Amino acid sequence: MWWLMSSKLRVVSLLLLVGVAFFSLKPFVEVHFSELKEDTSPTDMKKPKDPTNATPKPIPMIDLKVTSAVFNGVPVRMYRPTIRNTNEKSLLPAVVYFHGGAWMHGSVDSYDLYTRKIATNTGLLVISVEYRLAPQHPFPVPLDDCHKVALYVLNHASELDVEASKVILMGDSAGGNLAAVVSQRMKNIKPPLLAQVLINPVTQSLNFQLPSHKVSHGGDGLAAMYLSYFMGSYNNSLIPAMISGSHVSDGVHQRYSQYVDYLKLPESLRKDYVAPRGITVDPVAARVLEPFITNPEINPLMSDDLKGLPHTMVVTVGTDPFRDEGVLYAVRLKEERIPVQHKHYEDAFHNECIYGRDTGPDSVPYRMNFDIFEFIHSRVSTKQAEFK
């Protein structure tokens with residue numbers, strides 16, 4: 001399949017593979033979440049802790065039991081934390097993790113270090129999902145695989161020693177997209193999801209002219225990525241229409257532009273930005289692409305109803321073409337009165353909490369993961385209301 005791709009798509013794929021390889025080879029500095037919680041808060045993490053003021057306390061040593069399984073026909077890898085030298089067995093909250101990789105790359109193997117890190121630092125069971133990949137398995141196959149696993153975890157919680165009322169969906173990039181859409185599918189399920197954590201999520205393909213697209217110069221590659229996911233093929237003739245915004249009709253623009261309005265971005269993210277004007281619709285591209293562009297199961301920002309979603313953390317970074325659509329998704333959630341914590345790291349690159357090297361409290365990955373793990377910890381520590 002590689003030699004059949006266009007040069008632009010090959011470049012995008014190569015960059016993604018290099019990122020995954022970089023992540024797989026770089027060592028992480030493991031820091032137990034219990035240690036962080038003793039005397040460190042997010043507001044002072046830019047300064048190293050003063051060891052002379054610390055009060056050392058014994059920290060339980062965590063072992064991970066790593067096993068493979070198949071849930072509803074989908075392979076998964078489970079990371080179950082256990083306290084060393086004890087035989088205690090109890091129900092655990094769970095994180096169901098959907099990896100990134102443009103829906104075309106990535107695996108439980110390439111994310112093994114990060115999913116181990118989540119389990120070790122939160123003490124939660126982490127279930128990493130080996131969903132099938134585009135273009136061989138285009139939409140809705142990857143989404144359906146993720147949904148099947150999430151349902152299995154809730155429906156078989158007692159067999160898995162999981163607290164059914166404390167299941168969190170989590171994903172990055174394209175995996176963040178999958179987590180957002182699965183959460184939308186499951187918003188009326190009982191017991192409800194406890195939370196979702198969306199790291200640099202992909203949320204829309206209506207507008208490739210947002211400020212972060214201009215800054216990161218990612219338009220062509222992003223359009224190619226989407227085409228491979230929706231259609232299982234790469235049609236070079238559709239890319240210019242997608243980049244210019246002529247891939248949907250005037251009626252669709254008017255109907256959905258409120259959801260991708262750059263004026264809802266903070267002033268600092270749209271400084272010196274000039275919105276494009278005078279777009280002429282490409283009727284051929286619009287006829288082919290509109291059903292995908294407006295589908296909230298592909299583009300969660302296009303959903304008209306976000307009510308009922310769980311507590312959400314959205315992570316965005318400065319150097320990322322998906323920055324603005326992640327910010328706009330957080331804005332939509334706030335407009336719908338969904339409890340949302342939006343953390344933006346202007347000095348970080350796409351998925352730096354995963355790919356970057358964690359060297360301690362001064363490093364960006366450390367700060368990002370501290371905030372993510374603290375959010376997870378805060379949700380798990382909250383007594384879940386009785387559901388009906």
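Is Tyr-97 buried or exposed? At 0% relative accessibility, Tyr-97 counts as buried. That comes from a predicted model, so let's take a stroll through its aromatic rings and one helix pair.

**Aromatic pairs**

Searching the whole structure turns up eleven aromatic pairs. Here are two of them, both edge-to-face.

| Pair | Centre to centre | Angle between planes |
|---|---|---|
| Tyr-97 and Tyr-114 | 6.1 Å | 70° |
| Phe-208 and Tyr-226 | 6.2 Å | 80° |

The Tyr-97 and Tyr-114 pair ties together distant parts of the chain, with Tyr-97 in strand S3 and Tyr-114 in helix H3, 17 residues apart. Tyr-114 is buried too, with a relative accessible area of 0%.

The other pair also links distant parts of the chain: Phe-208 sits in the loop between strand S6 and helix H7, while Tyr-226 belongs to helix H8, 18 residues apart. Phe-208 is buried at 5% relative accessibility, and Tyr-226 is buried at 1%. Both rings join Trp-103, Phe-139, Tyr-229, Phe-230 and Phe-292 in one aromatic cluster.

**Where H8 meets H11**

The axes of helix H8 (residues 219-231) and helix H11 (residues 283-293) come within 11 Å and cross at roughly 80°, which means H8 is roughly perpendicular to H11. On the H8 side, Leu-227, Phe-230 and Met-231 make the contact; on the H11 side, Val-288, Leu-289, Phe-292 and Ile-293 do. By class, that's seven nonpolar residues, no polar and no charged ones.

**Charges over rings**

Arg-255 has its charged end over the ring of Tyr-256, 4.5 Å from the centre. Likewise, the charged end of Arg-332 sits over the ring of Tyr-259, 3.9 Å from its centre.

Terms used. Residues are numbered from 1 along each chain as its sequence is written. This is a predicted model: local features need pLDDT of at least 70, side-chain atom pairs count only at pLDDT 80 or more; totals for chains, interfaces and linings use all residues. Side-chain values use heavy atoms; hydrogens and water are left out. Axes are lines fitted to C-alpha atoms, for helices over the stretch in contact, and angles run from 0 to 180 degrees between N-to-C directions. Helices (H or I, at least four residues) and strands (E, at least two) are DSSP runs, numbered from the N terminus. Angles under 35 degrees count as roughly parallel, over 145 as roughly antiparallel, 65 to 115 as roughly perpendicular and the rest as oblique. Contact means heavy atoms within 4.5 Å. Ala, Val, Leu, Ile, Met, Phe, Trp, Tyr, Cys and Pro count as nonpolar, Asp, Glu, Lys and Arg as charged, and the others, Gly among them, as polar. Rings of Phe, Tyr and Trp (its six-membered ring) pair if their centres lie within 6.5 Å; planes under 30 degrees apart count as stacked, over 60 as edge-to-face and the rest as tilted. Buried means under 20% relative accessible area, exposed over 50%, partly exposed in between (1.4 Å probe, protein chains only). A charge sits over a ring if NZ of Lys or CZ of Arg is within 6 Å of the ring centre and within 35 degrees of the ring normal.
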